[in-house]
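Okay, thanks for squeezing me in, everyone. Have a look at the screen and I'll talk you through a few spots.

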Amino acid sequence: MGGLAGDRGWHGDGYRLQCRAATSLQDVGQRTAAATRWQHLVAGAERARGARNPATLAARGGLARAYQQAGRTTEAIALQESVVAGYGPRHPDALAVRADLATSYAQADRLLDAIAIEEALLTDISRRFGADHPDTVAACANLAASYWQAGRTDEAIELEERVAADTSRLFGADHPDTLAVSANLAASYWQAGRTDEAVEVQRQVVVDSRRILGPEHTHTKVAVEVLREWQQ
């Protein structure tokens, strides 16, 4: 890989530029190229700054996310666990890596491990940023999804109702995230046998989807089909 001139790239703007380049490759779906670049970043950071330096830990976190997106879950988990240990679990820079680790655990069918992380993470993020911060709402939504996957439907619904209210208040009723949360809540109501509530929420999802996304959007069509099935 072309790029760093010796160790000079590991100071100031050179390092940040390399990280942005690797992240950009991930964002456009070039997962193999992104992983290769992150591998070079990790090797260079370890050589120039040491294994426990924050820059090295950040690069390893980036590589772990690239592995996660590429389906290399076992490798992602090993890196993420090492990064969290390097930072310490309560370190602010470990928050995003802990969230990634929970996702990797879920991908590896280690749902109980994922839930344990997400429960602790919700507490830590809420304490750090406050209950109304978008990161807190996102952490709450992630935990709700894991509860739902684990069949803990009542707990999922309790969190999803909270997320629905928070998302609508913070982002507005017409925000796509608000729409997605409402659809999740409807599905949880249905799974719990609360069919009347499920149908009521899903009807509103259809109305909002048509207005926000348009009647021909894939999500709108799916919402209409779900409502049709539930009303049969």
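Quick bit of vocabulary before I start: when I say buried, I mean under 20% relative accessible area, and partly exposed runs from there up to 50%. Also, keep in mind that this is a predicted model.

So, Thr220. You'll find this residue in helix α11, which covers residues 218-231. Buried or exposed, then? Thr220 comes out at 1% relative accessibility, and because that is under the 20% cut-off, Thr220 counts as buried. As for what's around Thr220, skip the neighbours within four places in sequence and you get contacts with Ser209, Arg210, Leu213, Gly214 and Pro215. With Gly214 there's a polar one: the Thr220 side chain reaches the Gly214 backbone oxygen at 2.8 Å.

Now, Ser209 also turns up in a helix pair, on the α10 side of the contact between α9 and α10. Helix α9 is residues 176-191, α10 is 195-212, and their axes come within 8 Å, crossing at roughly 155°. Anything over 145 counts as roughly antiparallel, so that's what α9 is to α10. The crossing itself is left-handed. On the α9 side, the contact residues include Leu179, Tyr189 and Trp190, while α10 brings Val199, Val201 and Val205, among others. What's the make-up of that contact? Nine nonpolar residues, four polar and two charged.

Last stop, Ala120, over in helix α6, residues 111-129. Ala120 sits at 27% relative accessibility, so Ala120 goes down as partly exposed. And Arg90, 30 residues away in sequence, is 9.9 Å from Ala120, C-alpha to C-alpha.

That's my lot, happy to chat.

How values were computed: Residues are numbered from 1 along each chain as its sequence is written. This is a predicted model: local features need pLDDT of at least 70, side-chain atom pairs count only at pLDDT 80 or more; totals for chains, interfaces and linings use all residues. Side-chain values use heavy atoms; hydrogens and water are left out. Axes are lines fitted to C-alpha atoms, for helices over the stretch in contact, and angles run from 0 to 180 degrees between N-to-C directions. Helices (H or I, at least four residues) and strands (E, at least two) are DSSP runs, numbered from the N terminus. Angles under 35 degrees count as roughly parallel, over 145 as roughly antiparallel, 65 to 115 as roughly perpendicular and the rest as oblique. A crossing is left-handed if the near helix is turned anticlockwise from the far one by less than a right angle, and right-handed if clockwise. Contact means heavy atoms within 4.5 Å. Ala, Val, Leu, Ile, Met, Phe, Trp, Tyr, Cys and Pro count as nonpolar, Asp, Glu, Lys and Arg as charged, and the others, Gly among them, as polar. Buried means under 20% relative accessible area, exposed over 50%, partly exposed in between (1.4 Å probe, protein chains only). A polar contact is a pair of N or O atoms within 3.5 Å; within protein, one must be able to donate a hydrogen and the other to accept it, and residues adjacent in sequence count only if both atoms are side-chain atoms.
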